[in-house]
Amino acid sequence: MKVSYNWISKYVDLSGISPEYLADKLTFAGLEVEQVTKMADGSDLVVGHILSCDDHPDSDHLHVCMVDIDTEILQIVCGADNVAKDQKVIVAQVGSKLPELTIKEGNIRGVRSQGMICALFELGVDRKLLSQDQLQGITVLPNEALVGDTNPLSYIGMDDVIIDISLTPNRADCMALWSLAKEIGAILDRNVNLPKIDDLKINEKQSNLLIKSNSDKCQSFVGKVINSLVIKESPSWLKDALTSIGIKSINNVVDISNFVMIETGQPLHFYDIDKMPKKEIVVKDDIDMVYRALDQIEYQIIANDIMITSDEKPIGIAGIMGGEDSKIDENTKGIIIEAAIFDLAAIRATSRRLNLSTEASIRFQKGIDPLAPMKAVNRAVQLLIDLAEAGGIEESVLINDFNYQQYQIETSTTFINTYLATSFSDKQIVDVLSRLDLNPQIEDDKLIVYVPSYRTDLRLPVDLCEEVIRLLGYDNVLSSLPKIYQVAGEYAKNARQRYMIKDLLKDMGFSETINYSLVNQKHIDNSVLAIGKPVALNNPLSEDKRFYRTSVLASLLETIAYNKSRYLNEYMFFEIANVYSDEHTEKEHLALAMSKKTTINKWKHLVNENDFYTLKGYITKIIEKLGFDQKRISFKSNDLDQRMFNQYQSALIYLDKALVGVFGMIHPKKQKEWGIDQTLIAEIDVTTLFQAKTSKIKFQSIPRFPAVSYDIAVIVDDKYQANDICLSIKKTGGKLIKDVIVFDVYKGGNINDGLRSLAFKITYQSLDKTLNDNDIQPIQKEIISMLNKQYGAILRDI
């Protein structure tokens, strides 16, 4: 925020205070000053009077001027088109140091030149603030300028210093010059004198202006009609004030709206009453259209953008910029004043989406003093009467009345000193809080303060502690050594299991990825095992960062697409991260993705073809590593998500009876949508795994006796899963069965439709002896009987 030293001096007594000293005091008080610069700069400048101006004898564009600077008469060669006899001008004498050069006596085409007649841009004034005439010629001073005066810049309001302050987010109040003046007065303990606007004595007539809001994003709105005024050039003091902070002067009415905004922090908008479709203002947020604003650019307006309308026609983008069709010009005879408070998140979202940042939008985004609209309207009326001959003034029309209640904080001086480790007296603390307009009252051992409306950052007792210490000085804090407590080092919750999973996956050849938790709508639409409705940000950095993800897998698919576009077609990726829902749920998910093939050795052309069972093996290994017996892990057909997965090559993962994940081959449509090759993918709810009770670890000696394998083949209905049959065989066989695997699946031939042949290899082993047929055959018969009764299986010869 740029602050004019001359302007702020009108409100605060800064006698004896240099701009540099003020900058230091502001910085130490928490308002960091980034830069202190002069509006115009140059040493040894003086007011000169041109006694004569003749053409150069050897040039068609140069002039030879005799200039009186009181102490002597200088001959200066000047090339400006507008230089003329009897002008008062700014003269840089020999030896003067300007921003880009040092003046030396010279000889220009045979004529001696003893200085330079200056233009403003040569003195370092920003070219953006200058008119075309000022850019093309020298600066002519008013006739009252005294010849020989060594401060010529004072006659044109350029003898100012600009202080650039970097405001912290909590100090939006200092965007208002009046509030900043009070802050400076408190820091320096100086008197503050602000314009009085509460005692305006004007005859206001009843207004028939209609103000209405159809949006809950308009918190309050003030409208006021000025039926007559005169458009003319602004007085020099007003133009100088605006120019000092980088705002170009337009005319007296427009300049007043900008001036009041800087003073009060409240953006105002003036509408030409004759250009209004109707004497009404309606706030809406459901418009979808292309709108041309004051800057002559067309903007796409969408629902949720707040718009100002009249007679169903848009006349401004609320809080950002008005429209071309209602602007103030030289023909304006009357105006409607708008002062409102809009939802800061909505203004920020619209401003960012339209890439349109204005002085008004910046203030709305940071927050407005709830009482600022009425202050600003009254101040604007005061200036319009003084500078624009305003008349026919109607009563203010308000909607969503302010109903402001002053905030009160209760604390004690003991708490403040204890919190700060200081020993300030009650008098010191009360003095500081009084200077900050907090009206402190001490009752018994209580300290009660009443927060002014513009200090929206003060809500807690600790906020008062900060106010006290930043004004009295941080050097008053007593030094003390920190207390260090010894604690046993340990893993955070679930960290041990998380590191175990990561290490295992890296050992198996996977690479870890880390993606943003904030995603776009496409990621939400492609969520797998989503934990609920996504959390949506009111003010996202972009549409790609609007939601907290409810699933991790879509981020991996984006990573794969990124790598594929760079010809990296083989991959094994994983990501483990938190996911969130709008129901205040938070879980940790693991996503896996691997390409269809993995090259083992290029020279020998060794390639591993990955499939459903490859990924199933990896997942089983992960769950077992976490301490779960394989018997507790089961896989069922995927009837949960057939959008992302190929239904014939995917499955659900269960631990006991709890669903913990889904995996398989990506669906061809999703493969095309993401622009990737065939990929095996998985999403696992590791929070459920972490919360489950792990299996007990039991010691078992290495078997000393050989294992015996028996094969059986049965014909069963297609509806039965091989994994369920394996579990049933293990349960029937008891402890003697070490393993059961499916080694053949056959359909067709002499097997009827709807049936299939499954061949199982059953491995028997005992820890006590070598098994023979007498031990195994009874179990085999029991298994065959069970398969027939439970699954309707028919034994088939192998």
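Colleague: At what angle does helix H16 (residues 612-625) run to E31?
Modeller: This is a predicted model, in which local features need pLDDT of at least 70 and side-chain atom pairs count only at pLDDT 80 or more, while totals for chains, interfaces and linings use all residues. Residues are numbered from 1 along each chain as its sequence is written, and side-chain values use heavy atoms, with hydrogens and water left out. Helices (H or I, at least four residues) and strands (E, at least two) are DSSP runs numbered from the N terminus, and contact means heavy atoms within 4.5 Å. H16 lies across E30, E31, E34, E35, E36 and E37, and its angle to E31 is about 145 degrees.

Colleague: Which helix lies across strand E30 (572-580) and runs at about 145 degrees to E30?
Modeller: Axes are lines fitted to C-alpha atoms, for helices over the stretch in contact, and angles run from 0 to 180 degrees between N-to-C directions. The helix in question, residues 553-564, also lies across strand E31 (586-595), E35, strand E36 (658-666) and strand E37 (679-685), and is named H15.

Colleague: Which strands stand at the edges of the open sheet, each with a single partner strand?
Modeller: Two strands pair if DSSP finds at least two bridges between them, and here seven strands, with mixed pairing, follow the order E27-E30-E31-E37-E36-E35-E34. E34 pairs with strand E35 (residues 645-655) in the antiparallel sense over five bridges, Ser-637 having Ala-651 as its bridge partner in E35. One side of each edge strand is left without a neighbour in the sheet, because each has a single partner, and these strands are E27 (511-512) and E34 (633-637).

Colleague: How many residues of strand E13 (residues 218-228) are buried?
Modeller: Buried means under 20% relative accessible area, exposed over 50% and partly exposed in between, with a 1.4 Å probe and protein chains only. E13 runs antiparallel to strand E21 (residues 335-342), joined by eight bridges, and antiparallel to strand E23 (residues 397-399), joined by three. Phe-221 stands opposite Ala-340 in E21, while Val-222 has Leu-398 in E23 as its bridge partner. E13 is mostly covered, and of its 11 residues the number buried is eight.

Colleague: Is helix H19 parallel or oblique to H20?
Modeller: H19 (residues 722-733) packs against H20 (residues 773-791) at an angle of about 135 degrees, with the axes 10 Å apart. Angles under 35 degrees count as roughly parallel, over 145 as roughly antiparallel, 65 to 115 as roughly perpendicular and the rest as oblique. The angle therefore makes H19, relative to H20, oblique.
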